[in-house]
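Biologist: Please take me through one part of this model up close, slowly enough for a first-year student. I'd like to know what is packed around it, and then how its surroundings look.

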Amino acid sequence: MLTTTPTFMKKLVAEFIGTLWLVLGGCGSAVLAAGFPELGIGFVGVSFAFGLTVLTMAYAIGHISGCHLNPAVTVGLWIGGRFDSKDVIGYIIAQVLGGLAGAAILYTIATGKAGVELGGFAANGYGEASPGGYNLASALITEVVMTFMFLTIILGSTYPKSPAGFAGIAIGLALVLIHLISIPVTNTSVNPARSTSQAIFAGGIYLQQLWLFWLAPIVGAVLAGIVYKYLAPNE
């Protein structure tokens, strides 16, 4: 049964807004600015845009909801013993809805230009839907490993004995690095909510391949939660 207390509802609203910002900022940079004639920001710019959305939200809503913005993060923190199981479903629903809202805003902006071609709309994919033509196995390995490392960094930087106040920087920069590595392979997911929001609007092959971008990040997050519980110093 979902928790419905006022405090928990505030957390869900925060997760909704945060995930909206992640999709609008990260995917928005890819759709609107990455290939802009002569002045496009390219892969590096998109990578930093995703990292900056998480970094800014970490300090904006981290004290409210923990700033998960990602079903894989929520699951990984739960497996790692950092999050209450009764709140997992509520967080995931809020994140998916926030991602969809962000994608809807982006779609409205992007289609305001005559003759615009949205293409894949920054959606994730493998094979012919991969930016670099990478196959299913490459995409699976990439998403599992990148999400594993992302959750390991999150669990480590937010550990009670870690230096206070710096987690948002470490997590944001980790997401930048992850995108720098994996945009050519899958367009970088590590976040099922982000993948869902774009696939809904892109449709076609991107929607057909969406299953991978739920499965792989969740697997990577679960593995990270298990491993970090083993690695973490005993209290």
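Modeller: Ala123 counts as buried, because its relative accessibility is 3% (buried means under 20% relative accessible area, exposed over 50%, and partly exposed anything in between, with a 1.4 Å probe and protein chains only). Keep in mind that this is a predicted model, where local features need pLDDT of at least 70, side-chain atom pairs count only at pLDDT 80 or more, and totals for chains, interfaces and linings use all residues. Numbering starts from 1 along each chain as its sequence is written, and side-chain values use heavy atoms, with hydrogens and water left out.

So where does Ala123 sit? You'll find Ala123 in the loop between α4 (88-110) and α5, and α5 covers residues 136-157. Those helix labels come from DSSP runs numbered from the N terminus (H or I over at least four residues for a helix, E over at least two for a strand).

Which residues does Ala123 touch? Leaving out residues up to four places away in sequence, the partners of Ala123 are Thr186, Asn187, Arg194, Gln198, Ala199, Ala202 and Tyr206 (a contact means heavy atoms within 4.5 Å). You can also place Ala123 against Tyr107, a residue 16 places away along the chain: their C-alpha atoms are separated by 12 Å.

Now slide one step back to Ala122. Ala122 belongs to the loop between α4 and α5 as well, and Ala122 is counted as buried because its relative accessibility is 11%. There's a little oddity in its backbone, too: Ala122 has a positive phi of about 60 degrees, although it is not a glycine.

Where else does that kind of backbone angle turn up? Thr188 has a positive phi near 60 degrees, and Thr188 is also a residue other than glycine. Look for Thr188 in the loop between α6 and α7; α6 spans 167-186 and α7 spans 192-202. Thr188 is buried, because its relative accessible area is 0%.

Another residue with 0% is Thr19: at that relative accessibility, Thr19 counts as buried. Thr19 is part of helix α1, which runs over residues 6-33. What does Thr19 touch? Not counting residues up to four places away in sequence, Thr19 is in contact with Leu69, Gln95, Gly98, Gly99 and Ala193.

Let's widen the view to a whole helix, α3 (71-79). Is α3 mostly covered or mostly open? Covered: seven of the nine residues in α3 are buried. In α3, the buried ones are Pro71, Ala72, Val73, Thr74, Val75, Gly76 and Leu77. And what lies over those buried residues of α3? The cover includes α4, α5, α7 and α9.

Helix α9 (residues 212-231) is worth a stop, as it holds Tyr228, and that brings us to the aromatic rings. Rings of Phe, Tyr and Trp (its six-membered ring) pair if their centres lie within 6.5 Å; planes under 30 degrees apart are stacked, over 60 are edge-to-face, and the rest are tilted. By this rule the model has seven aromatic pairs. Tyr159 and Tyr228 make one of them, edge-to-face, at 6.4 Å centre to centre with 65 degrees between the planes. Tyr159 lies in the loop between α5 and α6 while Tyr228 is in α9, so this pair ties together parts that are 69 residues apart in sequence. Tyr159 and Tyr228 are both buried. If you want another aromatic spot to click on, Phe8, Phe83 and Tyr91 form one cluster.

How sure is the predictor? That's what pLDDT tells you, as the confidence in each residue on a scale from 0 to 100. The protein chain has a mean pLDDT of 94, with 98% of its residues at 70 or more. Confidence is lowest in α1, at a mean of 96, and highest in α3, at 98. So, to retrace the route: begin at buried Ala123, step to Ala122 with its positive phi, visit Thr188 in the loop between α6 and α7, look into α1 at Thr19, and finish with the ring pair of Tyr159 and Tyr228.

Key. pLDDT is the predictor's confidence in each residue, from 0 to 100.
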